[in-house]
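Trainee: I would like to go through this structure by question and answer. Can we begin with the terms and then move on to the chains?

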Amino acid sequence: MTKVSTNKPGFYGVGSVEFSPSAGPGEGPVRRIAITKDDLVTQPLEGIETVYDIVSYAARTYGNRNAIGWRDVVKVVEEEKEVKKIIDGKETVEKKKWKFFELSDYKYMNYIDVQTAVSEISRAFISFGLSKGDVFSVYAQTRYGV
Amino acid sequence: MFHGCSSVSVTIATAYDTLGEDGLLHSLNEPECVGVFTNAELLPMLLRVLPKATTIKVVIYDGEPQQSILDDIRAVRDTIKVLNIDEFRKIGQALPTDGLQAHLPKKDDIATIMYTSGSTGNPKGVIISHSNLVASVGSVHTLLGHHLTKDDTFLAYLPLAHVLEFIVELIMFFVGLPIGYGRVKTLTDASVRNCKGDISAYRPSIMVGVPAVWETIRKGILAKVHAGGTMKKTLFNGAVSAKKNNIPILAQLGDAILAGVRAATGGRLRIALSGGASLSQETQQFLSTALVTVLQG
């Protein structure tokens, strides 16, 4: 197993430093981690201001590397199990069905595919008259489609 | 889907797939959602609240639902359009790209309203702007970015409606690491048939979990060790304590013994992040020695 060893020893420096003194009795001073003492980090890179910028940055930088992987459900396997239950003091045996999935291997989409999908969905949204200020709900399981 | 909305400045409201009828209705009505994206399995639930969610005009789904449920949804109101995600994408594909630029979001626009899981009454919406999200990505990248290598892979299975998972996925995108989607129900080999579980199929090197997940994994490991008899138990405990106290040679020997335990998580797991609530120190220490470095987020 590869160990987690930092390739930047001493990266965090002295740890945290006092940023501003205590504001009054019963309050401690405000402390900040030393490496960002003077400037809070507000963005990962110059030019990245929105989530959309992250998608275009990734497509530009990583192109056809794997971005997203998922598995399709090949079939649902049902198995019966006997479950013992105690109802009104008597032990009864109930048959219960359990559903198990059989899944495919992982399939992948690269960063450019993702950008294309995003662009198509965006254009479709515009054609449906949705724009700034509208709220769209995502009520779904964690999946690649989201 | 999320990114699609973001790039036309449409705000996303997220709702947990585990929400009850009232919770779902609340999360649709409070921000006056104009549309909803969901999975075929969740359509019946949506159908139940739809008559009362009067602002909804578009329903987009993935998967293969029965025709009858689609008809029922269309019958709720004349104005409702129901589309499969592939049909929706085709509509967009046929359209020109020139209009897109004008719709791009600005940093202070609202990116998302995340609804909580609603364990205490109606779910509450948390308003998050683009600059909020980007700053989180930036700060985590500053603090931990150098731990990531280009060979790392990330397994995603927590709800995206959880902000921790959401930020982590944005970071993976930013640093160019693949995200493999799994399902809570199919993570382990025991929960699937005729194939491997998500963990051993994907062999992630990074995973995020909430304390409950790590507790389950810890119990799983201990149960296996105990079932193995006294000999195995002593060996395991010896290995853990040798590692914990970092005794030379013995610690390496311990690694060899613990390799078996690690194989259960695909053998490549390198970093685990726990968040959402605090993880007990005991569990963190146990997993860090026996399995993988666990960071608290």
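Mentor: A salt bridge here is a side-chain nitrogen of Lys or Arg within 4 Å of a carboxyl oxygen of Asp or Glu. Keep in mind that this is a predicted model.

Trainee: How many salt bridges does the rule find across the interface of chain B and chain A?
Mentor: Apply the 4 Å cut-off to the N and O atoms. Arg89(B) and Glu120(A) form one such bridge. Across the interface of chain B and chain A, the count of salt bridges is two.

Trainee: How far apart are the closest N and O atoms of Arg89(B) and Glu120(A)?
Mentor: Glu120(A) is among the buried residues of α2(A). It forms a salt bridge with Arg89(B). Their closest N and O atoms are apart by 2.8 Å.

Trainee: How many residue pairs are in polar contact between chain B and chain A?
Mentor: Both residues of a pair must be at pLDDT 80 or more. With that condition, the count is 18.

Trainee: Which helix gives the largest share of the side of chain B that touches chain A?
Mentor: By class, that side of chain B has 58 nonpolar, 30 polar and 19 charged residues. Eleven residues of it come from one helix, residues 130-144 of chain B. That helix is α7.

Trainee: What area is buried between chain B and chain A?
Mentor: In contact terms, 107 residues of chain B meet 76 residues of chain A. Carbon and sulfur atoms give 65% of the buried area. The area itself is about 8200 Å².

Trainee: Which three residues supply 10% of the area that chain B buries against chain A?
Mentor: No other three residues supply more. One of them, Phe173(B), is also a buried residue of α8(B). The three are Phe173(B), Phe174(B) and Tyr181(B).

Trainee: How many residues of α8(B) are buried?
Mentor: Helix α8 of chain B covers residues 163-175 and has 13 residues. It reaches 18 Å from its first C-alpha to its last, close to the 18 Å expected. The buried set includes Leu164(B), Phe166(B) and Met172(B). The helix is mostly covered, and the number buried is twelve.

Trainee: Which residue takes a positive phi just after α8(B)?
Mentor: The angle is about 80 degrees. The residue is Gly176(B).

Trainee: In what order do the elements of chain A run?
Mentor: Chain A has two helices and seven strands. Of its 146 residues, 35% count as buried. From the N terminus on, the order is β-β-α-β-β-β-β-α-β.

Trainee: What does α2(A) reach from its first C-alpha to its last?
Mentor: The helix covers residues 111-127 and has 17 residues. At 1.5 Å a residue, 24 Å is expected. The value in the model is close to that: 25 Å.

Trainee: Which residue's side-chain oxygen reaches the backbone nitrogen of Ile112(A)?
Mentor: Look at the start of α2(A). The oxygen comes to within 2.9 Å of that nitrogen. It belongs to Asn110(A).

Trainee: Is Val77(A) buried or exposed?
Mentor: Val77(A) sits in strand β4 of chain A, residues 73-87. Beyond its neighbours within four places in sequence, its contacts include Trp98(A), Arg193(B) and Asn194(B). Trp98(A) is 21 residues away in sequence and 8.3 Å away in space, C-alpha to C-alpha. Because its relative accessibility is 17%, Val77(A) counts as buried.

Trainee: What is the phi of Glu32(B)?
Mentor: Most residues other than glycine have a negative phi. Glu32(B) is in the loop between α2 and β2 of chain B. At 54% relative accessibility it counts as exposed. It is not a glycine, yet its phi is positive, about 55 degrees.

Trainee: Where is Arg203(B), and what is its phi?
Mentor: Arg203(B) lies in the loop between α9 and β9 of chain B. It counts as partly exposed, at 36% relative accessibility. Its phi is positive, near 45 degrees.

Trainee: Which residue's backbone nitrogen lies 2.8 Å from a polar side-chain atom of Asp109(B)?
Mentor: Asp109(B) is in the loop between α6 and β5 of chain B. It is buried, with a relative accessible area of 12%. The nitrogen is that of Lys106(B).

Notes: Residues are numbered from 1 along each chain as its sequence is written. Chains are lettered from A and ligands numbered from 1 in the order in which they are written. This is a predicted model: local features need pLDDT of at least 70, side-chain atom pairs count only at pLDDT 80 or more; totals for chains, interfaces and linings use all residues. Side-chain values use heavy atoms; hydrogens and water are left out. Helices (H or I, at least four residues) and strands (E, at least two) are DSSP runs, numbered from the N terminus. The expected span of a helix is 1.5 Å times one less than its number of residues. Buried means under 20% relative accessible area, exposed over 50%, partly exposed in between (1.4 Å probe, protein chains only). A polar contact is a pair of N or O atoms within 3.5 Å; within protein, one must be able to donate a hydrogen and the other to accept it, and residues adjacent in sequence count only if both atoms are side-chain atoms. Contact means heavy atoms within 4.5 Å. Buried area is the accessible area (1.4 Å probe) that two parts lose on being put together, summed over both. Ala, Val, Leu, Ile, Met, Phe, Trp, Tyr, Cys and Pro count as nonpolar, Asp, Glu, Lys and Arg as charged, and the others, Gly among them, as polar.
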